[in-house]
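Reader: I'm new to this one. Can you put the structure up and walk me through it?

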Amino acid sequence: MDTDRFGFRVSRITVPSAATDVNLDDVLDAVHDDPSDVWILRYPARQNAWFAELMRRGFDVLFADSLTYWALEAGSGRTPQPVTNASVSPAGEAPSGLVDELVADAFHGYGNHYTADPLFDPALALAGYQDWARRAIKSGDSLLLNVLGEPVGLMISTTGTDTSEMLLGGVVASQQGRGWYAHILSAVETAALRKGAHRVVSSTQSHNTNGQRAWARYGFEPIASHITVHLRRST
């Protein structure tokens with residue numbers, strides 16, 4: 001989808017945290033067999049020698065972001081006190097225009113690996129998040145945060161056999177810092193327990209300290225860190 005959106009060939013390679021036996025040669029084997037113009041490579045931060053080695057191997061390497069991963073044991077969260085002026089509801093029937101507005105507002109000016117690279121148009125990157133959110137929000141795990149009856153936030157999650165993962169979520173700028181986000185987290189945790197999941201996980205850019213403080217207050221703990229780089233073959 002990135003290839004169609006941005007007009008050049010883009011591939012993604014992600015090395016999971018649990019993949020302790022993967023070395024850089026394994027990654028480069030995949031790159032050498034791929035004719036892409038840009039590779040978005042995400043790898044565990046413990047592999048702190050890879051960046052210099054990629055440059056030594058003849059690639060143009062752009063540091064794009066660092067991610068931190070957090071996890072909560074489902075059922076252990078610090079649930080906020082109920083309030084009468086806020087509620088969380090399923091988002092599956094949310095109009096596409098509303099989804100676009102919430103994503104654009106909540107993530108206005110937010111730095112991610114696309115915005116780090118001048119090759120990627122930030123407006124097209126935002127449109128990509130909106131397009132993905134419109135499709136993903138139709139799942140049963142998607143939620144809307146409503147304050148005084150008005151939607152002011154959303155959360156898109158997916159739940160597997162044991163784990164629920166928060167994929168994209170946020171609160172519009174005018175309502176941030178008021179404690180509403182904790183009510184979304186509580187609803188995600190409740191949904192995870194209902195589906196038999198034992199963990200709730202999520203990730204964010206390391207610069208998103210507000211989001212990470214909210215997770216920590218709720219009971220999440222950091223579990224991993226990844227580096228994202230964009231690779232091009234040197235000309």
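Author: What follows is a short tour of salt bridges, surface residues and buried residues.

Reader: What kind of model is this, and what limits apply?

Author: This is a predicted model: local features need pLDDT of at least 70, side-chain atom pairs count only at pLDDT 80 or more, and totals for chains, interfaces and linings use all residues. Residues are numbered from 1 along each chain as its sequence is written, and side-chain values use heavy atoms, with hydrogens and water left out.

Reader: How many salt bridges does a search of the whole structure find?

Author: The search finds 12. A salt bridge here is a side-chain nitrogen of Lys or Arg within 4 Å of a carboxyl oxygen of Asp or Glu.

Reader: Which residue forms a salt bridge with Arg 12?

Author: Asp 2 does, with the closest N and O atoms 3.1 Å apart. The pair links distant parts of the chain: Arg 12 is in strand S1, and Asp 2 is in helix H1 (residues 2–6), 10 residues apart. Helices (H or I, at least four residues) and strands (E, at least two) are DSSP runs, numbered from the N terminus.

Reader: Is Asp 2 buried or exposed?

Author: Asp 2 counts as buried because its relative accessibility is 14%. Arg 12, at 48%, counts as partly exposed. The cut-offs: buried means under 20% relative accessible area, exposed over 50%, partly exposed in between (1.4 Å probe, protein chains only).

Reader: Which residue does Asp 37 pair with?

Author: Asp 37 forms a salt bridge with Arg 9, and their closest N and O atoms are 3.2 Å apart. This pair also links distant parts of the chain, with the two positions 28 residues apart: Asp 37 sits in the loop between H2 and S2, Arg 9 in the loop between H1 and S1. Asp 37 is partly exposed at 33%, and Arg 9 is partly exposed at 41%.

Reader: Where do Arg 135 and Asp 131 lie?

Author: Both lie in helix H5 (residues 122–136), 4 residues apart, about one turn of the helix. They form a salt bridge, with the closest N and O atoms 3.3 Å apart. Asp 131 is buried at 19% relative accessibility, whereas Arg 135 is partly exposed at 41%.

Reader: Which residues are linked in a network of salt bridges?

Author: Arg 5, Asp 100, Asp 131, Arg 134 and Arg 135.

Reader: New topic. Which residues gather in the patch of negative charge?

Author: Asp 21, Asp 26, Asp 29 and Asp 33 gather there, on the surface. Patches take residues with over 30% relative accessible area and no salt bridge; like charges are joined within 9 Å, and nonpolar side chains (Val, Leu, Ile, Met, Phe, Trp, Tyr) within 5 Å.

Reader: Where does Asp 21 lie?

Author: Asp 21 is in the loop between strand S1 (10–14) and helix H2 (24–32). It counts as exposed because its relative accessibility is 64%.

Reader: Now the buried side. What is Leu 41 in contact with?

Author: Leaving aside neighbours within four places in sequence, Leu 41 is in contact with Ile 13, Val 15, Val 27, Leu 54, Ile 227, Thr 228, Val 229 and Leu 231. Contact means heavy atoms within 4.5 Å. Leu 41 lies in strand S2 (residues 38–44). It is buried, since its relative accessible area is 0%. Its C-alpha is 8.5 Å from that of Ser 11, 30 residues apart along the chain.

Reader: Where does His 183 lie?

Author: His 183 is in helix H6 (residues 181–194), and is buried at 16%. Not counting residues up to four places away in sequence, His 183 touches Pro 80, Gln 81, Val 83 and Val 88.

Reader: What phi does Leu 148 have?

Author: A positive one, about 55°, although Leu 148 is not a glycine. Most residues other than glycine have a negative phi. Leu 148 is found in the loop between strand S5 (143–147) and strand S6 (150–159), and is exposed at 68%.

Reader: And Gly 177, buried or exposed?

Author: Gly 177 is exposed, with a relative accessible area of 87%. Gly 177 lies in the loop between strand S7 (163–171) and H6. From Gly 177 to Ala 214 is 9.6 Å, C-alpha to C-alpha, with the two 37 residues apart in sequence.

How values were computed:
Areas by Shrake-Rupley, 256 points an atom, 1.4 Å probe, with all protein chains shown as cover. Lys, Arg positive; Asp, Glu negative; His and termini not counted. Charge placed at Lys NZ, Arg CZ, Asp CG, Glu CD.
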